[in-house]
Amino acid sequence: MISVFEPVIGEEEINAVVMALRRGEISGSFGESIVRFEQEFAEYCGCKYGVAVSSGTAALHLAVAAAGIGPGEEVLVSASTNIATALAVFHHGAVPVPVDSEEITWNLNLDLIESLITSRTRAIIPVHLYGHPVDMDRLCEIARRHNLLVIEDCAESHGATCRGKKTGSFGDMGCFGFYANKVITTGEGGMVLTNDKVLAERLRLLRNLAFTKPRFRHELAGYNFRMTSYQAAMGIVQLHKIEQIIAEKRRVAHTYHRYLSDIPGLQLPSEASWARNVYWMYAMVVQPEFGISRDQLMEWLSREGIDTRTFFCPMNQQPCLQSQPGFREIPCPVADKLWERGLYLPSSYTLSEATIQSIAESIRRATQQAKKITL
Ligand SMILES: Cc1ncc(COP(=O)(O)O)c(C=O)c1O
């Protein structure tokens, strides 16, 4: 089976972890690697401060906590996203409000934001889906006009840029994940970036159970979201390779484009003129003209040894969110359609041109077969 993604862990990553362990860098409170990883990753993204945490989910939780968002408040969130984005709001007692997607980049539709703002709205969490950045200049202008905080979900967009500026550096905070399938990985892990010194201090405090003085007496209810130091050592090595990894991800995407773009009924990923898409995953939408449904195509590919995944189930359809008091039933027809018709293909950055070509040929056979049957 050609899997949707295979992480590449080299000797350099292994040596960095072993050396960190030999230096006694075990937990998140000791050693040099955490601070170095935080500084280097923040600098790469064009931010002043980085706070490393245990996952992308933890990064989002910590950002929402540091923003002081809570019961009685609402946060606008991209409808089409990993459930983790909405849960960060939900678990703080605030209501995540879905913003439907737009048709081309599949990111949240900025034209809808103002109609969803109420007196309870505190923040917007845009998700840079599958590696394509949201137009952050426009989103931040809307947020400023309405005095809303912006927390970017960059779990899928490390290194993606909007008019040359990296995702994660536009909002009040930018949240990253370093899970095994992410652009760079520490196995599990995450980071919150900010340019605000006060927020950075608050994030650090809340990450570590809000220990202050005297020790063991706590003014604030914090969390243990610490990253282990040997994971940070691996992160530093991965970060040094990030531009190479992005170049390979873009090569994979361009190769898919070349072999798939003449097949009718497939909407392929886009790249706006102002954007650098890092193509975290190579996603596409199966239109009716293709001849068979998205699910039939997935079954076909699976039989041919090619693994795929669907797009996300949108927030408006999530039972765990629908049962929350204050849940707002907002129709999201585009995100619903993406959930029904979207899938992503194997996207390891080590895929050869021959493998990509064979996947594309399998997709072409699927549509040709379907058209023969309906003739
Ligand atoms: C958009 C988005 N947000 C948040 C997360 C959660 O990250 P993690 O799995 O590191 O908790 C993911 C993970 O895949 C994601 O894709």
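Colleague: How many bridges join strand β12 (residues 282-286) to strand β14 (residues 342-345)?
Modeller: This is a predicted model, in which local features need pLDDT of at least 70 and side-chain atom pairs count only at pLDDT 80 or more, while totals for chains, interfaces and linings use all residues. Residues are numbered from 1 along each chain as its sequence is written. Helices (H or I, at least four residues) and strands (E, at least two) are DSSP runs numbered from the N terminus, and two strands pair if DSSP finds at least two bridges between them. β12 and β14 run antiparallel, and the number of bridges joining them is four.

Colleague: Which residue of β14 is the bridge partner of Ala 283?
Modeller: Strands of a sheet pair through backbone hydrogen bonds, either parallel or antiparallel. β12 and β14 pair in the antiparallel sense. In β14, the partner of Ala 283 is Tyr 344.

Colleague: Which strands stand at the edges of the sheet that holds β10, β12, β14 and β13?
Modeller: The sheet is open and has four strands in the order β10-β12-β14-β13, with antiparallel pairing. An edge strand here has a single partner strand, so one side of it is left without a neighbour in the sheet. The strands at the edges are β10 (266-267) and β13 (309-310).

Colleague: Is β2 largely enclosed or open, and how many of its residues are buried?
Modeller: A residue is buried if 20 or more other C-beta atoms, placed from the backbone, lie within 10 Å of its own, exposed if 12 or fewer, and partly exposed in between. From β2, Glu 74, Leu 76 and Ser 78 point one way and Val 75 and Val 77 the other way. β2 is largely enclosed by the rest of the structure, because its buried residues number five of the five.

Colleague: Which strand pairs with β2 over five bridges?
Modeller: β2 (residues 74-78) is joined to β4 by four bridges, and the two run parallel. In that pairing Glu 74 is matched with Thr 121 and Val 75 with Ala 123. In the other pairing, also parallel, Val 77 has Pro 98 as its bridge partner. The strand that pairs with β2 over five bridges is β3.

Colleague: What handedness does the unit of β2, α4 and β3 have?
Modeller: A crossover is right-handed if, with the strands pointing away from the viewer, the path from the first strand over the helix to the second runs clockwise. β4, helix α6 (residues 136-145) and β5 make a β-α-β unit that is right-handed. The unit of β2, α4 and β3 is right-handed.

Colleague: Which residue of β5 stands opposite Ile 124?
Modeller: β4 (residues 121-125) has four of its five residues buried. Two bridges join β4 to β5 (residues 149-153), and the strands run parallel. The residue opposite Ile 124 is Val 150.

Colleague: Which residue in β9 is the bridge partner of Ala 52?
Modeller: β1 is mostly covered, with five of its five residues buried. Gly 50 and Ala 52 point one way from β1, and Tyr 49, Val 51 and Val 53 the other way. β1 and β9 run antiparallel and are joined by five bridges. The partner of Ala 52 is Met 191.

Colleague: How many residues of α3 are buried?
Modeller: The buried residues of α3 include Gly 56, Thr 57 and His 61. They pack against elements including β1 (49-53), β8 (173-177) and α7 (197-207). α3 is largely enclosed by the rest of the structure, because its buried residues number 11 of the 11.

Colleague: How many charged residues are in the shell around the ligand?
Modeller: Of the 14 residues around the ligand, Gly 56, Thr 57, Asn 82, Ala 155 and Gly 177 come nearest (a residue is near if its C-beta atom, placed from the backbone, lies within 6 Å). α3 (56-66) and α4 (83-90) each supply at least two residues of the shell. Ala, Val, Leu, Ile, Met, Phe, Trp, Tyr, Cys and Pro count as nonpolar, Asp, Glu, Lys and Arg as charged, and the others, Gly among them, as polar. Four shell residues are nonpolar and eight polar, and the charged ones number two.

Colleague: How many residues does domain 2 give to the contact with domain 1?
Modeller: An automatic or database domain assignment sets the bounds: domain 1 is 11-100 + 107-240 and domain 2 is 242-374. Their centres, taken over C-alpha atoms, are separated by 26 Å. Two residues are in contact if their C-beta atoms, placed from the backbone, lie within 7 Å. Domain 1 gives 31 residues to the contact, and the number from domain 2 is 32.
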